[in-house]
Amino acid sequence: MSDSNKKNKKAVKSEYQVISSDALATTGMVIRNTGSCFVVLTEEGKEISCRIKGNFRLKGIRTTNPVAVGDRVKVSVNPDGSAYITHIEARRNYIIRRASNLSKEASILAANVGQACLVVTLSHPSTSTTFIDRFLATAEAYSVPVTIIINKVDLLDCGEAQSEDAGFGEDADGSSADPAASLIDGDFTEHELLDAVTYLYESIGYRVLHVSAKSGDGMDGLRDILAGKISLIAGNSGVGKSTLINRLIPGLGLKTANISDVHDTGMHTTTFSEMFPLPGGGWIIDTPGVRGFGTIEFDPHEVSHFFPEIFSISKDCRYGDCTHTHEPQCAVLAALEEQRIARSRYNSYLSILADAEPDKYRKPY
Ligand SMILES: Nc1nc2c(ncn2[C@@H]2O[C@H](COP(=O)(O)OP(=O)(O)OP(=O)(O)O)[C@@H](O)[C@H]2O)c(=O)[nH]1
Ligand SMILES: [Mg+2]
Ligand SMILES: [Zn+2]
């Protein structure tokens, strides 16, 4: 037997072992990823645990999970009950995150989502504006609408003025500013900070909700925006994503955990994405908390397209290929100077540019 014949024989055999000739074909949606397998909800309403047959990797980027929650798939079910995903329908969109800013390895949090809810907290833990903006830019790149959900408003203190440790600061590599700094001079209470952050993102065009998963405040507003849609819930670990979902779906009992006393950060309690039907119709996807959003491969000249307020002002820049970093007669730099663009947003823009071309745009330390 020639070498090539041997190879063919082997291929046929392994094919046969995976999918038997009397396998049944069905279609469905991936609702859970357990690490070793994917659970598919079939059109008949049955949950089938599947493995993958074939190569579904995204081109140009290494993903840790080739199949994502929300994927529409074809499945072959063998007589012995073993089942394989054989085909993934083209994705309408997907939200991807890098393991870290410079890593090429990425994971898909979910696919085919109707909207994303970014859960953030002012304190315990505090979400950075860089994190918020990197998420918003990633979602803009895939045309996924985002609502910002500010959770744990029950913890806000309205009396004492604070500035140092109140949330929404920038990441360690950011300079001074949190968004409030450009809006309010001097000390401010946490409630004032809440108002400033809300004002900042609403003025860009994002919807912002204030909720407390603990007290139930604001939950009706959240239910309204979720009704009938497939919504991804994302955010840092410990901001209360699973607690919010437990409130929305009585009896669900997702695991939650107190944040660390020492680091004031979450414990990475949820480890895989999972989709749940909502009582009022629609689906909600719980996702593992992420530390940061490494961005997808952006062309440096395209980054500003995903910051709506920067993009609209950039039409007045002198040069069509302006990167808004040093060019003469740059309308964005002028707007920044006049505080028509928030410094925190501009710094987030720079942080994404730095990912695209590290040597050129990373700030000197
Ligand atoms: N005070 C207060 N605590 C809350 C609220 N929402 C959640 N928590 C608490 O915050 C902690 C973290 O909540 P989780 O729901 O586990 O957070 P998560 O975002 O799912 O975290 P990961 O799964 O690690 O990504 C738990 O101790 C919750 O009880 C809230 O509105 N107010
Ligand atoms: Mg969780
Ligand atoms: Zn410019």
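**Exercise 1.** Does Ile 96 count as buried or exposed, and why?

*Solution.* We begin by noting that the structure is a predicted model, and we then locate Ile 96, which lies in strand S7, a run covering residues 94-98. The next step is to count its surroundings, and here Ile 96 has 21 C-beta neighbours inside 10 Å. Because a residue is buried if 20 or more other C-beta atoms lie within 10 Å of its own, Ile 96 counts as buried. As a further detail of its position, the C-alpha atoms of Ile 96 and Ala 68 are 10.0 Å apart in space, while the two residues are 28 apart in sequence.

**Exercise 2.** Describe the largest nonpolar core and the surroundings of Leu 118, which belongs to it.

*Solution.* Start with the extent of the core, which has 82 residues, and with its best-connected members, since Ile 95, Ala 110, Ala 116 and Leu 118 have the most contacts inside it. The largest share of this core is given by helix H2 (residues 129-141), with six residues. Turning to Leu 118, and leaving aside residues up to four places away in sequence, we find that Leu 118 touches several residues, among them Ile 132, Phe 135, Val 146 and Ala 234.

**Exercise 3.** Work out how strands S13 and S14 are arranged.

*Solution.* First take the pairing: S13 (residues 274-277) and S14 (residues 283-286) run antiparallel and are joined by four bridges. Within this pair, Pro 277 stands opposite Trp 283 of S14. Finally look at the connection, where five residues lie between the strands of the hairpin, and where Gly 281 in the turn has a positive phi of about 95°.

**Exercise 4.** Which residues come nearest to ligand 1, and how is its shell made up by class?

*Solution.* There are 26 residues around ligand 1, and those that come nearest are Lys 214, Gly 240, Thr 256, Thr 270 and Gly 289. Sorting the shell by class gives seven nonpolar, 15 polar and four charged residues. Helix H6 (residues 241-248) gives the most to this shell, with three residues.

**Exercise 5.** Decide which parts of the model call for caution.

*Solution.* Begin with the whole protein chain, whose average pLDDT is 83, with 78% of the residues scoring at least 70. Then look for weaker stretches: over residues 1-17 the pLDDT stays under 50, and the model has one contact beyond four places in sequence for them. Over residues 172-186 the pLDDT is also below 50, although this stretch has 33 contacts in the model beyond near neighbours in sequence. Where pLDDT is low, the predicted coordinates should not be read in detail.

Terms used
Residues are numbered from 1 along each chain as its sequence is written. Chains are lettered from A and ligands numbered from 1 in the order in which they are written. This is a predicted model: local features need pLDDT of at least 70, side-chain atom pairs count only at pLDDT 80 or more; totals for chains, interfaces and linings use all residues. Helices (H or I, at least four residues) and strands (E, at least two) are DSSP runs, numbered from the N terminus. A residue is buried if 20 or more other C-beta atoms lie within 10 Å of its own, exposed if 12 or fewer, and partly exposed in between; C-beta atoms are placed from the backbone. A residue is near a molecule or strand if its C-beta atom, placed from the backbone, lies within 6 Å of it. Ala, Val, Leu, Ile, Met, Phe, Trp, Tyr, Cys and Pro count as nonpolar, Asp, Glu, Lys and Arg as charged, and the others, Gly among them, as polar. A nonpolar core is a set of buried Ala, Val, Leu, Ile, Met, Phe, Trp, Tyr and Cys residues joined through C-beta atoms within 7 Å. Two residues are in contact if their C-beta atoms, placed from the backbone, lie within 7 Å. pLDDT is the predictor's confidence in each residue, from 0 to 100. Two strands pair if DSSP finds at least two bridges between them.
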